[in-house]
Amino acid sequence: MGIEKFFDEMKFAGIVDYLKGNNILDVSQLKDFDYYSLYDIPGLSLDVAEEAIQKIEDYIENGIVNEEDDAPKELTEDIEVSVHEDNNTDKTKNVLDLSINDLRILVESMDYDSFKNLYEHFKCEIESFEKYYHDIYGIKEKVNLELLLKDIARSHYFIEYCKENHIETIDDLKQIDFNDLNIRGLGKKSVYLIRNQINKHLEDYKVSNNPIDNIFDNVNPANLNIGIKNLVFLGMPEEIISQYHLQDQQVKDLMNIQFSFDDKMRLQNIVKNLKIDIKDIFETKFNFAVKKRNRDIFLMRAEGHTLNYVGNAFDMTRERVRQIASKICTKMAPYTSLYIDSLIEDKEKGFELYKLDTLVEDSSMAIALKSIIKNTDQYFYMKFSDKIVDKDFIPDGFFESLESRLKTLAENGINIYELIDQISDLMDTQSFFTEDDLKAYILFNGGKIYGDLVSWGSISVGEICRDAISRYFNYDISLNDDENNPEMHQLRKILKDNYNFTYENGNRALTSAIVRDNKQMVLSGRSRYLPASKIDPDDYEVIKEIYEDLKQQEGTVYYNDLFNKYQSQLLTKTTIDNYNYLHGLLMYYDDGGEFTFTRDYMVKSGREPEKIDESFIAMIKEKHAPVTYDEVIAKFPSLNQTRIGFIQGRNREIIFCGNKSWNVISNIKFKHENFKHILDLLILENKGYCSEGLLYDGIANVYPEFLERNDIIGNVSAVFHIIQYLYKDQYIMRYPHILSEKLSNIPANTFEITKYFVEEDGIIDLNLVNKLIAKLKWGARAHNNIFSSINNEYYQLSKTLFLKKDKLILSSQTIKEIETILDKKLECNDSYLPLISITNYEEFPAIGYEWTSFLLEGLIKQYMDQYKLIRTEVGDRRYQRSILLFANSDINEYDQLVGYVMDKDGGILYTENELLSLLKRHCLANKNIPQELYHSKVVHYLNELFTC
């Protein structure tokens, strides 16, 4: 007997809920239940609890149950009266003689057990009454076919066919197979119309007159996602689940299942429960079946407080807190599973618990749900992504296999998408474990993620950088210790933007970290390195052949000589276009360590390299004068200017004298000259600095005979290297610069020295730069390097003034304001905007500096990727010629824009004056037609006329 029948009085309602919350659904289960816990039910009076306990004890001792049918009282009385009034009448007939309306009310008010008990009481077989039950809903009701088909031509042939075959009721009509129906006088069209009309009638009749066929139609919409297997807790018979294969189905799927009459009756209680939102059931149970004090303890623990903290707050031991929390989890687990189940639309994908914060209005309920669901048997809690998944959807050994594969594949770093491809056999077999879950799992287990690069363990700076170079650089990268190296600036920006990684040390340390593993980065040029993954397979095949040839050779092999030997083959069959790349690939291929590699040459491991350095120095000493390149090559055919430069770099005593000649310091003839005095004076006069030009002039003025004696008149380079040899330890010397030790904080390069002399408050004046270049006797090369660096690191404020970029940092709001103004101007000006056309900057936001077209151009380049700038081929950057367009514009060159303007103007042929006038009107030219238009592939110049 069900608990609801046993405690059928309203005063016991709280007890029924409490027992169901403890999975006590049948009275027979009370024998093994601690029914004295009824005293703990919140809000239940002591008298009611004692009466309920006495009722349970009477049942256990004597088997006494105060049983009454669930049918309405007035109906049962009528039935009993009718039975007693006619003792000779068949008892079955008394029930069947009820009016159709009374019988319908009686049956609809019963659950299955009451229905069965009623007919056992009247000795009535269920199968017999089922016939009458169907009659109630019209299954055997005759159909008026004449009325139903009156509007269909030739339908009388079908009606006659039905009469001849005794087809009269709805049940009979359902049995007709219209696909095989062959009635004389009826065509296919008439059969089609008749079938549709009858099907419509059957559907209408089902909806309006046969509610038993749709017992799940009135289920609360909030419960449609609940899994059928979870309904066992509410009394869903497991045999029905098995019989109809409902193990993986949801409540919403029940609407399409044709249950037998007997099963429909057994499902009435389930339907009754499902009409109530499971959320309300959970909240009622949690609020009324759990004592308030215990609820408060549980919620505090669920919020993340420690057992000790909660115990101190409620003056109890940590073990008692654990017991209370555990008991509530156990008690509420079935309701929680139902509640969560109702929220999950796709069971296979699982459910992120953060969604409860928005789906559940009461925050305390959300906290309770999260805590309980993590400890239920039905769900697996993925702590790493705060997500639950039905255990039935997790393949056996999934996480063990995943961890093993990650340890193998991602130990030293791997791209996330490559990793997913490698474990696709795991990822593709289910849908609960997503890319985001994979990343969270890796981090949770101590792995690292930098952008798309993931690692199961730790990952080095070099590995991160190599991944970035491989992905974001077209081919190779320049790596050195030059802090102004633009490619390393680009690499650092990529690391910050795409990998959320910042490396604080200088370029020397960064380069060292990147190239440490020559199996990952291959030397591809002078200070250039290529990711090994980008090696051309054809290059590799040729390197194999060269390597095998080298294994047969003895002695030292210089890379430059090797490149010259194979140059024809390398340039025609490979991408190897320099001896550095040849050097890098040979190192990469040498897995067995058969060779020892140095900067200039390679030699078989264990062999002594050729001592070319000593021979070269001895040659110079023997001559007692500088040697020329031709003299060197005549004696050492394997040498070339590059290899000689390497020898010089390794030997401080060798002096480069310019014009492809070299000397050694021992050949220089000194006569007590005090060069240091001259150098100190020059450094004092120039704020701690001296250039090679100033040094030469100083020595030429004081010691002209020294220059003449050593045949180095006019040889600025030779003088510098002689002084460098003599005083290298007392000054900072890096050709062509000499700095005092006081300036050790300034890098010895031309641009940094320029800033030291002329930069003030982040501003450089080109006029001062030009004067400095003249004063320090720097050449054209220095001039070009300075202006290139200024363009990279400074905003141009005017024709001659430049502002260091870090002196002007725009806020996102300011950038947005500028973009709004530019968008408006572009829209008003046919989507292109010559910056020189902007003459009024009053609408632009204040930025601390005066607005100019030069400054605007610099800020656009720095901050605004949605635009692009094109300009005429003007060599003098003092003049503004830039034109702004949207980045997605099809126009990429100046001549394309001119062609577009000519088309819009509608002209066909233009003289030079006419075209210049057109360009001036549109601010696309100033005094002359740009020279590139005379050689353009878009704008054509022929017979002194322009067209496009």
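The exercises below look at salt bridges in this predicted model.

**Exercise 1.** Find how many salt bridges the model has, and decide whether D151 and K150, which form one of them, are buried or exposed.

Solution. The count comes to 35 salt bridges. In the pair of D151 and K150, the closest N and O atoms are 3.4 Å apart, and this satisfies the rule because the limit is 4 Å. Turning to accessibility, D151 has a relative accessible area of 68%, and K150 has one of 55%. Because exposed means over 50%, D151 counts as exposed, and K150 counts as exposed too.

**Exercise 2.** Work out which parts of the chain are linked by the salt bridge between D613 and R650, and how accessible each residue is.

Solution. The closest N and O atoms of D613 and R650 are 2.8 Å apart. This pair links distant parts of the chain, with D613 in helix α32 (residues 612-623) and R650 in helix α34 (residues 641-650), 37 residues apart. D613, with a relative accessible area of 12%, is buried because this value is under 20%. R650, at 36%, is partly exposed.

**Exercise 3.** Classify the accessibility of E631 and K623, whose side chains meet in a salt bridge, and then say which residues join K229 in one network.

Solution. Between E631 and K623 the N to O distance is 2.9 Å. E631 has a relative accessible area of 31% and is partly exposed, while K623, at 37%, also counts as partly exposed. As for the network, K229 is joined with D390 and D392 by salt bridges that share partners.

Definitions and conventions:
Residues numbered from 1 in each chain as written. Predicted model: local features only at pLDDT ≥ 70, side-chain atom pairs only at ≥ 80, totals over all residues. Heavy atoms only, no water. Buried < 20%, exposed > 50% of the residue type's maximum accessible area, 1.4 Å probe, protein only. Helix = DSSP H or I, 4+ residues; strand = E, 2+ residues; numbered from the N terminus.
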